[in-house]
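User: Hi! I would like to walk through this model with you, one question at a time. Could you keep the reasoning visible as we go?

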Amino acid sequence: MTVRLYQRDPYLFEFESKVEERDGDWIRLDGTAFYPGGGGQSADRGRLHGMDVTEVEERDGHIWHHVPGNHFDIGAVLWCSVDWDLRYDVMKGHTAEHMLFGALQRIEPELTLVKIDITPELKRLTLTGPLTREHVEEAEMEVNKAIADNLEVQRFEMDREEAEESGVRAK
């Protein structure tokens, strides 16, 4: 299994890692800070040893990096860098999605989140349930006030079973 460095430190964007396997233009490293995407959130991009990483995906518990034209040898240690501007944009969109949906659900508890899309080009929530323009405007004011008040964002982890029992969305 690929060591998921992004889970330990989501702010890590430069690291060294060893090539464990190649499949054409796809590279598997022993550890990576590249997030493969999921739950509506886009994957990271960046560079491996100066070459562009154009896609990142998970396969059978391993994370693979698409690096067109690479000739990396198995065992080579590579300098890797995640595109920080893209990562940070998506991180902010992810946090904003939680804030906005939380505010909307406090206003209208019957709302259900169906899908999210968080990419550099698009930030979108798809919801079901009763929703009015007034609900959206009220939620927007609540979120903007939280941002203006510079409220602290807290991160915590719980196991999947506990999350599902408590009603927390789990990927």
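User: What percentage of the residues in the protein is buried?

Analyst: Happy to start there, with the reminder that this is a predicted model. A residue counts as buried when its relative accessible area is under 20%. The protein has 171 residues, and the buried share of them is 35%.

User: How many helices and strands does the protein have?

Analyst: Let's set the scene with the overall dimensions. The C-alpha trace spans about 55 × 35 × 25 Å along its principal axes. Among contacts between residues at least 6 apart in sequence, 62% join residues at least 24 apart. As for secondary structure, the count is 4 helices and 11 strands.

User: Which strand pairs with β2 over 5 bridges?

Analyst: Strand β2 covers residues 14-23, and its partner in this pairing runs antiparallel to it. One residue pair to look at is F15, which stands opposite C80. C80 belongs to the partner strand, residues 77-82, and that strand is β9.

User: Which residue takes a positive phi in the hairpin of β2 and β3?

Analyst: β2 and β3 (residues 26-29) are antiparallel and share 4 bridges. Among the paired residues, D23 has W26 as its bridge partner, while V19 is matched with L29. The hairpin has 2 residues between the strands, and the one with a phi near 65 degrees is G24.

User: Do the side chains of β3 point one way or opposite ways, and which residues go with I27 and R28?

Analyst: In a regular strand, side chains alternate between the two faces of the sheet. β3 shows two sets of side chains pointing opposite ways, and all four residues are buried. R28 goes with W26 on one side, and on the other side I27 goes with L29.

User: Which residue of β8 stands opposite R28?

Analyst: Besides its pairing with β2, β3 is joined to strand β8, residues 62-66. That pairing is antiparallel and has 3 bridges. Within it, the residue of β8 opposite R28 is W64.

User: Is D44 buried or exposed?

Analyst: D44 sits in the loop between β4 (31-32) and β5 (46-48). Leaving aside neighbours within four places in sequence, D44 is in contact with A33, F34, Y35, V56, V82, L86 and R87. Its relative accessibility is 3%, so D44 counts as buried.

User: At what distance is the polar contact that joins the side chains of D44 and R87?

Analyst: The D44 side chain has a polar contact to backbone as well: it reaches the backbone nitrogen of Y35 at 2.7 Å. R87, for its part, is also on the list of residues in contact with D44. The polar contact between the side chains of D44 and R87 is at 2.6 Å.

User: What is the C-alpha to C-alpha distance between R8 and A33?

Analyst: R8 is in helix α1, residues 5-8. With a relative accessible area of 63%, R8 is exposed. R8 and A33 are 25 residues apart in sequence, and their C-alpha atoms are separated in space by 9.0 Å.

User: What is the relative accessible area of H49, and near what value is its phi?

Analyst: Most residues other than glycine have a negative phi. H49, in the loop between β5 and β6 (51-53), has a positive one. Its relative accessible area is 49%, so H49 is partly exposed. As for its phi, the value is near 50 degrees.

User: What is the volume of the second largest pocket, and which helix supplies the largest share of its lining?

Analyst: The lining consists of K92, T95, A96, M99, A146, I147, N150, L151, E152 and V153, which divide into 6 nonpolar, 2 polar and 2 charged residues. Both α2 (84-107) and α3 (133-148) supply at least two residues each. The pocket has a volume of about 300 Å³. With 4 residues, the largest share of the lining comes from α2.

User: Is N150 buried or exposed?

Analyst: N150 is one of the lining residues of the second largest pocket, and it lies in the loop between α3 and α4 (160-166). Its phi is positive, near 55 degrees, in a residue other than glycine. The relative accessible area is 65%, which means that N150 is exposed.

Technical notes:
Residues are numbered from 1 along each chain as its sequence is written. This is a predicted model: local features need pLDDT of at least 70, side-chain atom pairs count only at pLDDT 80 or more; totals for chains, interfaces and linings use all residues. Side-chain values use heavy atoms; hydrogens and water are left out. On a 1 Å grid over the protein atoms alone, a cavity is a set of points where a 1.4 Å probe fits but cannot get out, and a pocket is an open set with protein on both sides within 12 Å along at least five of seven lines; lining residues have an atom within 4 Å of a point. Grid points are joined across faces, edges and corners, and a volume is the space filled by probe spheres set on the points. Ala, Val, Leu, Ile, Met, Phe, Trp, Tyr, Cys and Pro count as nonpolar, Asp, Glu, Lys and Arg as charged, and the others, Gly among them, as polar. Two strands pair if DSSP finds at least two bridges between them. Buried means under 20% relative accessible area, exposed over 50%, partly exposed in between (1.4 Å probe, protein chains only). A polar contact is a pair of N or O atoms within 3.5 Å; within protein, one must be able to donate a hydrogen and the other to accept it, and residues adjacent in sequence count only if both atoms are side-chain atoms. Contact means heavy atoms within 4.5 Å.
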